[in-house]
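User: Hey, I have a protein model open and I'm not sure where to start. Can you walk me through it?

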Amino acid sequence: MQVLGERINELCNSHFTSLPPKGKPSPSQWTVLSAVVMEMKEELTVVTMATGTKCVGEKDKGMFVVGDSHAEVLSLRLFRLFLVKEMSRLTEGSKGGGCLTRNEQGCFSVKPGVLFHFYSSCVMCGDATIRVSNKNSFPITEHDHRKCESNLKRPPSPPSTPSKLLKSTSPSPPSNTSSPFPGITRSGGKCLLSDDLTSDSLKTRSWSETSVLRTKPGRGPLSLSLSCSDKLMKRQVLGLQGGMLSSLIPQPIRFQSVVIGGEFSEESVERALFTRLPDHYRFPAEIIQVEDIFPHSLPNTSARNSNVSLQNTSLTNTCLTNSDIVSLQNTTSTNNVSPASTSLLWCRDAGQWVAVKGRQQGATKTSAEEKVMLPVCRANMMKLVGDLIQSGSEFEEFKSGNGKVSRSNYEELRQIASAYRKKKDQFCAHFTGWKKKWEESGKIA
C-alpha cells in the first residue's frame, strides 16, 4: 500500500501543478491540498481537487454559500458533484468509461473493481491532530480539567522582542511550572460538549480530550462547522454520496485508503476516523503516510492543525490558538507566509472555480445569488439532483406526491432518503451535540 500512497501523492501534486494558475496561492501564502482519486483497472485518476483553510461564521451561511471551505470538505462536496455528472451522463444514454452502472429500477452503483482514495497534504483538523506521547498523563480527571481551565484563563506574557519569541519556541529545559497535560499535542478546534448550542458551550473546556466532536480551529466568527476529522468519519460510515444522492446510490461509497502528507500519529488518525466508533460503525481504510511535497504547505508544521507540543517551552501555561501558532511560525520563519484567503475547486468533467468566503471570487453584496454561488453549494446541488430525478420515468418512486420535486425546500430532497435519515440519526446519537446541531442548522447550512 505504501507504493500506492506514493503514486497518489505524486499524481495529486502533479495534477495541481497542471491546473491553470487562477486561484492558486502566491509564494508568500500557504494552504492545504486535498483530492479524491479513483482507481479503475489499476489506473489512478484525480476526480476532484480543492485547496482551502477557511470557513464562514453562522450568520453568513445559507443555501447559496458554502460554509466550510477547508480543502478536505470541499473535495468531498466536489465528489458528490462528480457523481451527479456521472449519473446524468448515464441517464442521457452514454455508455462505458464511467465509474457507475445503473439497474432496471433506476438506481446507481459503483462498478465492481472501482475504488476511491482520499488524499490530504497534511493531517485533517480535529481529533486526528491530538496525539498523546506520554500515556502516563491519562486518565484525565475533573481536577485536571479545572487546572487546565485555570491555565487557559491566565493571559500569556507577551515577548518583548522577536528574538525572545524565537528563544521561547526553541527546545529548552523544562520550566518550573509543568504543562497540565504533558506530552499531549492539541487541536485549535473547540469541543462540542453539549446540546446547548451557545458560544459558552463551545469554549475549550477540555482541549486535550480525545474522541469528541470539535468545531473548526481559529478565532474567526462563531461557526458550528465540525472539524474535518468528524466529517470524514461520518462520510466513511454513511457514504460519500451524502443524503440527497443516497436514494439514487443506495450502497454507501467508502474510501479504500486515506493518504496523508507530512508528520502525524497514525494511531490518532485511526482513532479519529474509525476506532472511536462502535464496532458496527467501523469501516476502516488503509492509513498511508507520505512525504509532504505540496509546495504551498505551511513550513515546518502540519499546516493549520496546531500539532505543536506545549511541553518543554516557556509557553506551557498558555492555550495557544491556531492563529497564535501560525503567528509564532510566521515570526520565526525566514519565509514570512500567511494563509491563502481563496480556495481552488476542480472537478473532472465539470470545471475549475475560485472561492472566497464561500462564494465565487468576484461576488459583491449586490450580486445575484444564483450568479455567484459555487457549484457545490446546497442550492445548486439541490437543483442538479432535482433535475436528475425529474428527467426520467425511472425515478418516479423518488418524486413527491404531485410527481415533482420541490426545489424550494432542501430538506424535502433529503427526506426522500428515509433509510439514510434513519441511519444518520442512529449514528449521530453516539455523539453529544451532533444530532441537535443538525436539527438546528441543517436547513440553512
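Analyst: Sure, let's go through the chain as a whole and then pick out some parts. Keep in mind that this is a predicted model.

User: Okay, how many helices and strands are there in the protein chain?

Analyst: The protein chain has 13 helices and 14 strands. Buried residues make up 54% of its 445 residues.

User: And what does the surface of the protein chain come to?

Analyst: The accessible surface is about 20000 Å², and 49% of that belongs to carbon and sulfur atoms.

User: Let's do the sheet. In what order do the eight strands of the open sheet come?

Analyst: The order is S10-S9-S8-S2-S3-S12-S13-S14, and the pairing is mixed. At the edges are S10 and S14, each of which pairs on one side only.

User: What does "pairing" involve here?

Analyst: Strands of a sheet pair through backbone hydrogen bonds, and they can run parallel or antiparallel. For a parallel case, look at S8 (residues 115–120) and S9 (residues 257–261), which pair over four bridges. Phe118 has Val258 in S9 as its bridge partner.

User: And which strand pairs with S12 in the antiparallel sense?

Analyst: One is S3 (residues 43–51), which pairs with S12 in the antiparallel sense over three bridges. There, Ala50 stands opposite Leu345 of S12. S12 also pairs with S13 (residues 351–356), again in the antiparallel sense, over five bridges. Ser343 has Ala355 in S13 as its bridge partner.

User: Is S12 enclosed or open, and why?

Analyst: Five of the five residues of S12 (residues 343–347) are buried, so the strand is largely enclosed by the rest of the structure.

User: Which way do the S12 residues point?

Analyst: Ser343, Leu345 and Cys347 point one way, while Leu344 and Trp346 point the other way, and all are buried. That fits the usual pattern: in a regular strand the side chains alternate between the two faces of the sheet.

User: What's in the turn between S12 and S13?

Analyst: The hairpin has three residues between the strands, and Asp349 takes a positive phi near 65 degrees there.

User: Why point out a positive phi?

Analyst: Because most residues other than glycine have a negative phi. Lys357 is another positive case, with phi near 55 degrees. Lys357 sits in the loop between S13 and S14.

User: Is Lys357 buried or exposed?

Analyst: Lys357 has a relative accessible area of 71%, so it counts as exposed. Ser211 also has a positive phi, near 65 degrees, and it lies in the loop between H4 (162–168) and H5 (228–238). With a relative accessible area of 27%, Ser211 is partly exposed.

User: New topic: helices. How far does H2 reach?

Analyst: H2 (residues 71–91) has 21 residues and reaches 30 Å from its first C-alpha to its last, close to the 30 Å expected at 1.5 Å a residue. It's mostly covered, with 17 of its 21 residues buried. Just after H2 comes Gly93, with a positive phi of about 105 degrees.

User: Which residues have the most contacts inside the largest nonpolar core?

Analyst: Those are Phe79, Phe82, Met87, Phe116 and Met124, in a core of 61 residues. H2 gives the most to this core, with eleven residues.

User: What does Phe79 touch?

Analyst: Not counting residues up to four places away in sequence, Phe79 touches Val36, Val47, Thr48, Phe116, Leu240 and Ile253. There's also a second, separate core of 18 residues, which includes Leu4, Leu33, Ala35 and Val290.

User: How about H10, is it mostly covered or mostly open?

Analyst: H10 is mostly covered, with ten of its 13 residues buried. Among the buried ones are Met381, Leu384 and Ile389.

User: Last one. Where is Arg282 found?

Analyst: Arg282 is in the loop between H7 (266–275) and S10 (286–290). Its relative accessibility is 33%, so it counts as partly exposed.

User: And what is Arg282 in contact with?

Analyst: Leaving aside neighbours within four places in sequence, Arg282 is in contact with Phe274, Thr275 and Leu277. A polar atom of the Arg282 side chain lies 2.8 Å from the backbone oxygen of Thr275. Arg282 and Met233 are 49 residues apart in sequence and 9.3 Å apart in space, C-alpha to C-alpha.

Notes
Residues are numbered from 1 along each chain as its sequence is written. This is a predicted model: local features need pLDDT of at least 70, side-chain atom pairs count only at pLDDT 80 or more; totals for chains, interfaces and linings use all residues. Side-chain values use heavy atoms; hydrogens and water are left out. Helices (H or I, at least four residues) and strands (E, at least two) are DSSP runs, numbered from the N terminus. The expected span of a helix is 1.5 Å times one less than its number of residues. Buried means under 20% relative accessible area, exposed over 50%, partly exposed in between (1.4 Å probe, protein chains only). Two strands pair if DSSP finds at least two bridges between them. A nonpolar core is a set of buried Ala, Val, Leu, Ile, Met, Phe, Trp, Tyr and Cys residues joined through side-chain atoms within 4.5 Å. Contact means heavy atoms within 4.5 Å. A polar contact is a pair of N or O atoms within 3.5 Å; within protein, one must be able to donate a hydrogen and the other to accept it, and residues adjacent in sequence count only if both atoms are side-chain atoms. Accessible areas come from the Shrake-Rupley method with a 1.4 Å probe; for residues, only the protein chains shown count as cover.
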